[in-house]
Amino acid sequence: MGSTEKLDYPQDVLQYSSGFLVSKVMFTACELGVFDLLLDSGEPLSMDAIAARLGTSTTGMERLLDACVGLKLLAVELTKEGALYRNTDISNIYLTKSSPKSQYHIMMYYSNTVYLCWHYLADAVREGKNQYERVFHISSKDPFGAMYRSEEEMLKFMAGQNSVWSIYGRDVLVAFDLSLFKQIYDLGGGGGALAREYVSLYPNSTVTIYDLPKVIQVAKEQFVPPEEHRITFHEGDFFNDPIPEAELYILSKILHDWDDDKCKQLLANVYKACKPGGGVLLVESLLNEDKSGPLETQLYSMNMLVQTEGKERTAAEYSKLLEAAGFGEIQVKRTGKLYDAVLGRK
């Protein structure tokens, strides 16, 4: 047949085609509060009790709970009184709001923003641009205008990004020994989770979160405690406003939002501001050099198409962008997880 791959083609195709059903079941259970209720209850609950407390139909809740059991997000025990449901470890850790590693907010962001954009993936492929005009009636040239279209949505996005760094932040910040850098600017640092992780790992450093004024306001009010004196704030637009001098600049999931020309513009501004001997740390999900994977990164690159002006890149592509701005001694560290680190020096 010309191929040695052993695949169950009908089953594989069906699994791929139903992938969106899986994500929507998880999003819905999060949104309705199923996992939070079961955590707070301290004991397994019946379907009737869950439906009553959450204000849903019993017909719909029964199917949702059973689907969550199938996904191993819930466990079920059959008793004389009927089926009783409880959280599994994975849902307690990642899908309840109160968990330190909760991914609830990023799930809601995917459900309320990302999911809607992917409905128009075919249009994005045809046109080569994001789909915010179709989905939110916001200019495709203003991708963050859609993400920040209301204070509520901005809060969801920032909380979602914070939840990502609660899992991956430490890995990318210890990929290199950054202890020699004392003055750090986190460009587009949002809710400050990566900044907080940085000062925890490198307590002799200070980090300034540089972001848009409305983002800084929310970060101060909602995410960074006032007693954390090692973290400061700077309001600005890093494409149009001056970038202050620092020893190290962190760009975490920033360059993947923009095309090559915008990336070169930003990196040139960073290089100009950077102290001699300083550097820039890129935190991104890296494609293999032949772009054959990882699958998660390939899918993220599709997401960049429907949501932003950018794309995911290979280590060589990021290195080329850094070199064009003037940075040298470029090092790449793959963490073995979702996000990797690239360090360039001035």
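# A guided tour from Arg334 to the second largest pocket

Select Arg334 to begin: this residue is partly exposed, with a relative accessible area of 42% (buried means under 20%, exposed over 50%, and partly exposed in between, with a 1.4 Å probe and protein chains only). The model on the screen is predicted, and local features need pLDDT of at least 70, side-chain atom pairs count only at pLDDT 80 or more, and totals for chains, interfaces and linings use all residues. Residues are numbered from 1 along each chain as its sequence is written, and side-chain values use heavy atoms, with hydrogens and water left out.

**Salt bridges**

Keep Arg334 selected and add Asp340, because the two form a salt bridge in which the closest N and O atoms are 4.0 Å apart (a side-chain nitrogen of Lys or Arg within 4 Å of a carboxyl oxygen of Asp or Glu). Asp340 counts as buried, at 4% relative accessibility, whereas its partner Arg334 is partly exposed. By this rule, the count of salt bridges comes to 13.

Next, select Asp123 and Arg126, whose side chains meet in a salt bridge at 3.4 Å, N to O. Both residues lie in helix α8, residues 121–127, where they are three residues apart, about one turn of the helix (helices are DSSP runs of H or I with at least four residues, strands are runs of E with at least two, and both are numbered from the N terminus). Colouring by accessibility would set the two partners apart, since Asp123 counts as buried at 18% and Arg126 counts as exposed at 65%. If you now add Glu127 and Arg134 to the selection, you have four residues that are linked with one another in a network of salt bridges.

Then move on to Arg149 and Glu153, where the side chains meet in another salt bridge, again given as 3.4 Å, N to O. Arg149 counts as partly exposed, at 28% relative accessibility, while Glu153 is buried, with a relative accessible area of 10%.

**The second largest pocket**

From here, select Pro100, Asn162, Ser163, Ser166 and Ala193, which lie nearest the centre of the second largest pocket, among the 16 residues that line it. A pocket is an open set of points on a 1 Å grid over the protein atoms alone, where a 1.4 Å probe fits and protein lies on both sides within 12 Å along at least five of seven lines, and its lining residues have an atom within 4 Å of a point. The elements that give two or more residues to this lining are α11 (151–173), α12 (193–201) and α13 (213–223), and the largest share, five residues, comes from α11.

**Leu255 and Gly328**

Leu255 is the next residue to select, in the loop between β7 (246–252) and α14 (260–273), and with a relative accessible area of 0% it is buried. Add Glu309 and draw a distance between the two C-alpha atoms: they are separated by 9.9 Å, although the residues are 54 apart along the chain.

Where does Gly328 lie? Selecting Gly328 takes you to strand β9, residues 328–333, and there Gly328 is partly exposed, with a relative accessible area of 24%. For a final distance, pair Gly328 with Ala195, which is 133 residues away in sequence and 25 Å away in space, C-alpha to C-alpha.
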